[in-house]
Amino acid sequence: NKHGATVLDLATHAPVIDLLKAHGAVYNTLDSEVAAEIGAGKMDVFDKGMPPELRDKDGNTPLLIAALKNNVTAIAYLVSLGADTRVRNTSWKNNALDMACLSGSFDAIRYIVEHLPIDINALDPESNDTALHYMAAWQPGYQCKDPAAMKKMADETCIWMIQQGAAVDLKNKSGKTAPDMARTKKLATQI
């Protein structure tokens with residue numbers, strides 16, 4: 001179609017996938033509907049042969065989507081399938097830890113830091129921001145039911161990340177450290 005999806009991408013459910021694959025069809029892109037299912041933890045597309053390294057239009061792999069959506073079960077499953085934990089999306093050059101920090105996916109942040117071989121101080125090649133830069137600047141979205149609790153969790157996550165080895169003195173391309181980017185002065189002094 002006009003978005004680059006193949007028939008197999010569009011027909012993401014059971015018998016149709018089996019029939020198309022039996023006739024040589026292959027996945028070549030990750031469409032938004034399948035990406036949403038992955039974010040929600042529906043992993044059956046991988047049982048049907050979808051490789052874990054497909055990318056959506058922004059270059060996100062299923063692992064990056066699972067990190068963005070705070071889906072630890074999906075992250076663990078994708079890693080068990082051999083998903084590349086070092087992958088970055090093509091649009092913004094973010095890795096799984098960056099994606100989790102950008103979206104306030106606190107469970108995913110902890111899981112990634114504790115279980116995946118990702119450098120907590122890895123620099124985003126576009127901005128030189130680290131995951132700590134993203135977490136320090138994170139704000140809850142407009143649909144957040146309890147912004148104060150989420151901000152407290154974000155502050156605690158920043159402190160935890162530092163305890164895990166996140167460097168506070170790394171500067172991005174704008175010359176700012178994570179404390180410089182902190183959402184509040186109180187957080188800046190805490191980190």
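In this predicted model, lysine 93 is partly exposed, with a relative accessible area of 26%. Lysine 93 belongs to the loop between helix 6 and helix 7. Although lysine 93 is not a glycine, its phi is positive, at about 65 degrees. A positive phi in a residue other than glycine also occurs at asparagine 128, where the angle is near 65 degrees. Asparagine 128 is located in the loop between helix 8 and helix 9, and with 22% relative accessibility it counts as partly exposed.

Positive phi values are also found at two glycines that follow helices. Glycine 41 comes just after helix 3 and has a phi of about 95 degrees, while glycine 165, just after helix 10, has a phi of about 115 degrees. Glycine 41 is placed in the loop between helix 3 and helix 4 and is partly exposed, its relative accessible area being 31%. Between the C-alpha atoms of glycine 41 and alanine 74 the separation is 5.6 Å, with these positions 33 residues apart along the chain counted as their distance apart. In helix 3 itself, the buried residues are Val34, Ala35, Glu37, Ile38 and Gly39.

Leucine 30 lies in the loop between helix 2 (14-22) and helix 3 (32-39). Its relative accessible area is 2%, so leucine 30 is buried. Leucine 30 and arginine 55 are 25 residues apart along the chain, and their C-alpha atoms are separated by 5.2 Å. Arginine 55 is also one of the residues in contact with leucine 30 when neighbours within four places in sequence are left aside. The other contacts counted in this way are Ala35, Ile38, Met50, Leu54, Asp56, Lys57, Asn60, Thr61, Pro62 and Ile65. Among these contacts of leucine 30, Ala35 and Ile38 are buried residues of helix 3.

In soluble globular proteins, nonpolar side chains tend to be buried together. In this model, the largest nonpolar core has 48 residues. The members that touch the most other members are Ile75, Leu97, Ile109, Ile112, Met135 and Met161. At least two residues of this core come from each of helix 3, helix 4 (44-47), helix 5 (62-68), helix 6 (72-80), helix 7, helix 8, helix 9 and helix 10. Helix 8 contributes the most, with six residues. Isoleucine 109, one of the core members named above, is in contact with Leu97, Ala100, Cys101, Met135, Thr157, Trp160 and Met161, leaving aside its neighbours within four places in sequence.

Helix 10 consists of 17 residues. From its first C-alpha to its last, helix 10 reaches 24 Å, close to the 24 Å expected at 1.5 Å a residue. Buried residues in helix 10 are Ala154, Asp155, Thr157, Cys158, Trp160 and Met161. These buried residues pack against helix 7 (96-102), helix 8, helix 9 and helix 12 (185-190). Three of the residues listed, Thr157, Trp160 and Met161, are among the contacts of isoleucine 109. The ring of tryptophan 160 has the charged end of arginine 110 sitting over it, 4.4 Å from the ring centre.

A pair of aromatic rings is described by the distance of the centres and the angle of the planes. The structure has one aromatic pair. The pair is formed by phenylalanine 106 and tryptophan 138 and is edge-to-face, with 5.5 Å centre to centre and 80 degrees between the planes. Distant parts of the chain are linked by this pair, whose residues are 32 residues apart. Phenylalanine 106 is in helix 8 (residues 106-115), and tryptophan 138 is in the loop between helix 9 (131-137) and helix 10 (147-163). Both phenylalanine 106 and tryptophan 138 are buried.

A disulfide is a covalent bond between the sulfur atoms of two cysteines. Zero disulfides are found in a search of the whole structure. For cysteine 101, the closest cysteine sulfur is that of cysteine 158, and because the distance is 7.7 Å, it is too far for a bond. From cysteine 158, the closest cysteine sulfur is in turn that of cysteine 101. Cysteine 101 is buried, with a relative accessible area of 0%, and cysteine 158 likewise counts as buried at 0% relative accessibility.

Terms used
Residues are numbered from 1 along each chain as its sequence is written. This is a predicted model: local features need pLDDT of at least 70, side-chain atom pairs count only at pLDDT 80 or more; totals for chains, interfaces and linings use all residues. Side-chain values use heavy atoms; hydrogens and water are left out. Rings of Phe, Tyr and Trp (its six-membered ring) pair if their centres lie within 6.5 Å; planes under 30 degrees apart count as stacked, over 60 as edge-to-face and the rest as tilted. Helices (H or I, at least four residues) and strands (E, at least two) are DSSP runs, numbered from the N terminus. Buried means under 20% relative accessible area, exposed over 50%, partly exposed in between (1.4 Å probe, protein chains only). A charge sits over a ring if NZ of Lys or CZ of Arg is within 6 Å of the ring centre and within 35 degrees of the ring normal. The expected span of a helix is 1.5 Å times one less than its number of residues. Contact means heavy atoms within 4.5 Å. A nonpolar core is a set of buried Ala, Val, Leu, Ile, Met, Phe, Trp, Tyr and Cys residues joined through side-chain atoms within 4.5 Å. A disulfide is a pair of cysteine sulfur atoms within 2.5 Å.
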